[in-house]
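Colleague: I should like to learn how the features of a model are read. Please begin with the general idea in each case and then turn to the example.

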Amino acid sequence: MLQNNQQASLYQVEPSPRDVSPHAAVARRPTTIAETGLSESLLLDLLTKHLFTDGVLTREQLANKMGITGGILQGLLDTAKKLAWIENRQTTVDGQMRYALSMAGDIHAKQAFAKNGYLGLAPVPLQQYTPICRQQSSRANPVTFEMLQQGLKALVLPEDLLYKIGPAMNSSRPVLIYGPPGTGKSYLCRHLNLALGDDVLIPYALAIGNEIIQVFDPELHHQVDLTENHNPLDLAQGHDPRWLRCHRPLRITGGELTAEMLEVRFDPYSRTYMAPLQLKANNGILLLDDLGRQRISAKQLFNRWIIPMEERRDFLGLQSGEHFEIPFELILLFSTNLDPKELVDEAFLRRLGYKIHFDALNETLYRQIWFRVCEELQLHCPEEVFQYFLREYHQRCNKPLIPCYPRDLLGIISDQMSFMKLEPEVTRSLIDSAWSIYFV
């Protein structure tokens, strides 16, 4: 069962015109049950589940756990009292009313858990999620060269690569990045969301009818640290608390990818639904790393995603057999070390709007990486030692200047220095030793 500690206000007033928060404009706080888009029975089930799990709760605690405002919550409490499901308990020292389940409420909560085991914030109905997801598309604010350069300033990249990657991020079509191992494909992709530079609202859960799908994943969705001090009595400030403000997600999957991970998953023991990876990655970036090495073939994967890739919408199903449509609103990246023509046929390659090749660096960029890593590891490398390294190993061994070599080789050298208590200076003998260890 899933817990949540998201803060929500207890009192409810109409939003005022002075609320200029962009997120409040995107997901306005509901003031009535009807505005939540949910049925009263679903909310009552969730309320009794929280009381069953926690025993005794105040109104403020219930509002926090359910992500609904005090006005709506009070109506639910009044209804639950009429149904004899809850009882008043002794107030807290600061005068807050405390609530607990009656025997009848306890029975109802158990029946609610038998139907589904979800426990968390009130879900967002699909019909509210879809327009907000599309409104938050990263393509609404196109990436510019300056944005990409700033977001990737920690990386050493050929400038012409930025001119290829940037337009691809503004495209609605998938991007294939390919080239030899170690050329920085995955490393670059893992930093691309920094170029987007903003945050979005992620629903804690979605409601499909009376079924609830968990969307929020704390390992993927990193909440923004909010430092504003809002007046808790002024609900004109802030967005619908069923949505969590997070950095744009970056979901990475590699060889572990299976066909099942692309569908809604149902856990029969907890009786909960979990969202597939593409739904969790909406409004962010989804990177399928090492394409061709997954437990699902590239051909199966592309067949599954033909419609999502072309129409930006996906179709999912529940255990009951009910099917529904969700937005496929993300930047989809594929990365591979293999020859793309060996993975899929020309028809599939044509659907990948951008095919970007990564290769070895020139000496100038390679040198920048080498001495930048030296600085990070607090190592001193004389110029003549670096030239020895280039001459004796890259040139004589005909090894291309691959971006991963400096960090890997200097990491081995740093380990050797620690083990043998050496001064932090790179020497020819240390390079000889590291090269012999690194390469087979």
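Modeller: The following turns treat a pocket, a surface patch, a buried residue and two backbone angles. This is a predicted model, in which local features need pLDDT of at least 70 and side-chain atom pairs count only at pLDDT 80 or more, while totals for chains, interfaces and linings use all residues. Residues are numbered from 1 along each chain as its sequence is written, and side-chain values use heavy atoms, with hydrogens and water left out.

Colleague: What volume does the second largest pocket have, and which residues are the closest to its centre?

Modeller: A pocket is an open set of points on a 1 Å grid over the protein atoms alone where a 1.4 Å probe fits, with protein on both sides within 12 Å along at least five of seven lines; lining residues have an atom within 4 Å of a point. The second largest pocket has a volume of about 560 Å³, the volume being the space filled by probe spheres set on the points. It is lined by 28 residues, of which V156, T183, G184, I369 and P403 are the closest to the centre.

Colleague: Which helices supply the lining of this pocket?

Modeller: Helices are DSSP runs (H or I, at least four residues) and strands likewise (E, at least two), numbered from the N terminus. At least two lining residues come from each of α9 (159–170), α10 (185–189), α17 (363–376) and α19 (404–420); α17 gives the largest share, five residues.

Colleague: Which residues form a nonpolar patch on the surface?

Modeller: Such a patch joins nonpolar side chains (Val, Leu, Ile, Met, Phe, Trp, Tyr) within 5 Å, from residues with over 30% relative accessible area and no salt bridge, that is, no side-chain nitrogen of Lys or Arg within 4 Å of a carboxyl oxygen of Asp or Glu. Here F419, M420 and L422 form one, with about 350 Å² of accessible area together. F419 belongs to helix α19.

Colleague: Is V426 buried or exposed?

Modeller: Buried means under 20% relative accessible area, exposed over 50%, and partly exposed in between (1.4 Å probe, protein chains only). V426 is buried because its relative accessible area is 0%, whereas F419 counts as exposed at 72%. V426 lies in the loop between α19 and α20 (428–438).

Colleague: Which sign of phi is found in most residues?

Modeller: Most residues other than glycine have a negative phi. A84, although not a glycine, has a positive phi of about 60 degrees; R312, also not a glycine, has one of about 55 degrees. A84 lies in the loop between α5 (70–82) and β2 (86–89), and R312 in the loop between α14 (306–311) and β14 (313–317).

Key
Patches are made of residues with over 30% relative accessible area and no salt bridge: like charges are joined within 9 Å, nonpolar side chains (Val, Leu, Ile, Met, Phe, Trp, Tyr) within 5 Å. Accessible areas come from the Shrake-Rupley method with a 1.4 Å probe; for residues, only the protein chains shown count as cover.
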